[in-house]
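Student: I have a chain open in the viewer and would like to go through its geometry. Could we take it step by step?

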Amino acid sequence: MQLIIISISLVLFFIYAALILYYAISWSQIPTYGKRTKPNEKRETLLSIIIPARNEAQNIKACLDSICNQSYPKELYEVIVVDDHSTDNTAAIIKQYQNVKLITLSEYAGKGLNSYKKKAIEIAIAQSKGELIITTDADCIVPPNWLQTAASFYQQTNAAFIAMPVSINCSSSFIEIFQALDFMTLQGITGASVYKKVHSMCNGANLAYTKKAFEQANGFKGIDNIASGDDMLLMHKIYKQQPDKVFFLKSKEVIVQTTPVKTVKEFFYQRIRWASKADKYDDKRIFAVLLLVYLFNALLLILPVIGTVKNYQFNLFRFWLSLAILKTIIELIFLFPVAKFFDKQRLLWLFPLAQPFHILYTVIAGWLGKFGSYRWKERKVR
């Protein structure tokens with residue numbers, strides 16, 4: 001029995017290590033998009049920026065200010081905010097911006113939906129004028145050349161779907177640094193996987209896709225009953241139709257800054273929400289990756305327990321510690337160039353200390369995402 005446990009552990013470790021090193025190599029191969037425009041490139045693409053918002057009074061002004069102060073010509077982009085049944089003064093703040101269109105979701109859809117965000121985006125796209133749809137969240141800040149760079153990349157690649165980088169703007173608190181590290185890891189994997197076209201990953205806080213591609217994929221039809229997935233599930237629908245037109249834009253000019261959640265409870269609810277769509281992916285390649293990650297982390301969680309209960313002569317705790325250290329080293333090899341891209345190398349010193357918490361939350365959130373429920377934006381979701 002002891003030999004079986006060790007053998008399974010080593011097999012999972014080597015597969016996991018090979019996957020992380022593959023991501024590391026792939027990330028380094030992504031060309032950095034440096035030039036925003038070619039010398040004679042015409043800036044004529046009409047853009048529609050769509051922002052779903054629910055109870056974002058504390059964040060929406062900073063978000064809209066950053067979007068309204070873009071280097072891209074103002075006549076070439078529109079901003080649409082969809083107020084999702086807010087109970088604070090989110091809508092009142094939005095109305096202060098003359099060049100921002102406000103859509104009230106309650107006028108189109110009442111309560112009882114399982115995915116309000118998808119419905120909000122769907123309604124906004126139906127009323128949009130842009131050729132290229134760009135989505136972000138109400139708690140995000142975008143850089144000045146965000147639109148100009150995205151539009152230029154679109155014109156040069158004729159992309160149907162563009163995943164773009166997102167970074168968590170954290171304070172010095174442990175939970176916020178932990179989120180920043182964890183999210184940065186996901187962003188590195190996102191860039192590597194999209195570039196190599198091994199599976200579909202993205203984040204709705206920074207996406208671009210053509211209105212035509214959205215319509216050709218029948219929008220959110222077929223996935224509109226799933227609470228989450230307005231980003232990755234849509235991405236895969238478009239990928240199935242146009243795999244050669246799905247890109248990751250690796251440029252510091254388009255890194256969107258988002259805010260972390262403030263408590264451990266909120267963090268778990270967020271990650272459970274993300275995990276809840278794991279078995280809904282039509283892209284079975286990413287499901288296989290998620291299953292591998294879950295099983296390996298679950299094994300690391302139970303190895304010390306097995307060693308204690310079974311009282312094996314071989315010290316399983318020492319074996320577990322060796323695996324955890326090797327896992328951390330391999331992940332740091334992957335993370336360092338990613339952290340450099342996001343200018344977050346200073347956070348890496350905490351990464352080894354965060355490893356036990358990462359293992360624990362991965363197992364718990366993965367389990368509850370499948371079998372539990374959670375609250376998000378003051379709503380209970382199953």
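**Salt bridges, helix packing and surface**

Tutor: In this predicted model, Lys 117, Asp 137 and Asp 230 are linked in a network of salt bridges.

Student: What is the N to O distance in the salt bridge of Asp 230 and Lys 117?

Tutor: The pair links distant parts of the chain, 113 residues apart. Asp 230 sits in the loop between helix H7 (211–216) and helix H8 (232–241), and Lys 117 sits in helix H4 (residues 116–127). A salt bridge needs a side-chain nitrogen of Lys or Arg within 4 Å of a carboxyl oxygen of Asp or Glu. The N to O distance for Asp 230 and Lys 117 is 3.7 Å.

Student: Is Asp 230 buried or exposed?

Tutor: The cut-off for buried is under 20% relative accessible area. Asp 230 has 9% relative accessibility, so Asp 230 counts as buried.

Student: And which class does Lys 117 fall in?

Tutor: Partly exposed covers the range between the buried limit of 20% and the exposed limit of 50%. Lys 117 has 26% relative accessibility, so the class is partly exposed.

Student: Which residue meets Asp 182 in a salt bridge?

Tutor: The closest approach here is given as 2.9 Å, N to O. Asp 182 belongs to helix H6, and its partner belongs to helix H9 (residues 264–275), 89 residues apart. Asp 182 is buried at 5% relative accessibility, and the partner is buried at 3%. That partner is Arg 271.

Student: How many residues apart in sequence are the parts tied together by Lys 252 and Asp 343?

Tutor: Lys 252 forms a salt bridge with Asp 343, with the closest N and O atoms 3.3 Å apart. Lys 252 lies in the loop between strand S9 (246–248) and strand S10 (256–258), and Asp 343 in the loop between H11 and helix H12 (351–371). Lys 252 is partly exposed at 44%, and Asp 343 is partly exposed at 45%. The parts tied together are 91 residues apart.

Student: How many salt bridges does the count come to?

Tutor: The pairs discussed include Asp 182 with Arg 271 and Lys 252 with Asp 343. By the 4 Å rule, the count comes to eight.

Student: Back to helix H6. Is Gln 179 buried or exposed?

Tutor: Gln 179 is in helix H6. Leaving aside neighbours within four places in sequence, Gln 179 is in contact with Ile 168, Pro 260, Val 261, Phe 267, Gln 270 and Arg 271. The relative accessible area of Gln 179 is 1%, so Gln 179 is buried.

Student: What separates the C-alpha atoms of Gln 179 and Ser 167?

Tutor: Gln 179 and Ser 167 are twelve residues apart along the chain. The separation of their C-alpha atoms is 9.9 Å.

Student: At roughly what angle do the axes of H6 and H11 cross?

Tutor: The axes of H6 (residues 174–196) and H11 come within 10 Å. Met 184, Thr 185, Gly 188 and Ile 189 of H6 make the contact with Phe 334, Leu 335, Val 338 and Ala 339 of H11. H6 and H11 are roughly perpendicular to each other, as the axes cross at roughly 90°.

Student: How is H1 oriented relative to H6?

Tutor: The axes of H1 (residues 2–29) and H6 come within 8 Å and cross at roughly 75°. Angles of 65 to 115 degrees count as roughly perpendicular. H1 is therefore, relative to H6, roughly perpendicular.

Student: Which helix gives the most to the nonpolar patch?

Tutor: The patch on the surface is formed by Leu 21, Phe 317, Leu 321, Ile 325, Leu 326, Ile 329 and Ile 333, with about 610 Å² of accessible area together. Leu 326 is partly exposed, with a relative accessible area of 39%. Six residues of the patch come from one helix (residues 316–341), which is H11.

Student: Which residues of helix H2 are buried?

Tutor: H2 spans residues 60–68. What covers its buried residues includes strand S1 (47–53), strand S2 (77–83), helix H3 (90–94) and helix H5 (146–157). The buried residues are Ile 60, Cys 63, Leu 64, Ser 66, Ile 67 and Cys 68.

Student: Over the chain, what percentage of residues count as buried?

Tutor: The secondary structure comes to twelve helices and twelve strands. The chain exposes about 17,400 Å², with carbon and sulfur atoms supplying 59% of that area. Of the 382 residues, the share that counts as buried is 56%.

Conventions
Residues numbered from 1 in each chain as written. Predicted model: local features only at pLDDT ≥ 70, side-chain atom pairs only at ≥ 80, totals over all residues. Heavy atoms only, no water. Patch = residues over 30% accessible without salt bridge, like charges linked within 9 Å, V, L, I, M, F, W, Y side chains within 5 Å. Areas by Shrake-Rupley, 256 points an atom, 1.4 Å probe, with all protein chains shown as cover. Helix = DSSP H or I, 4+ residues; strand = E, 2+ residues; numbered from the N terminus. Buried < 20%, exposed > 50% of the residue type's maximum accessible area, 1.4 Å probe, protein only. Axes fitted to C-alpha atoms, helices over the stretch in contact; angles between N-to-C directions. Parallel < 35°, antiparallel > 145°, perpendicular 65-115°, else oblique. Contact = heavy atoms within 4.5 Å.
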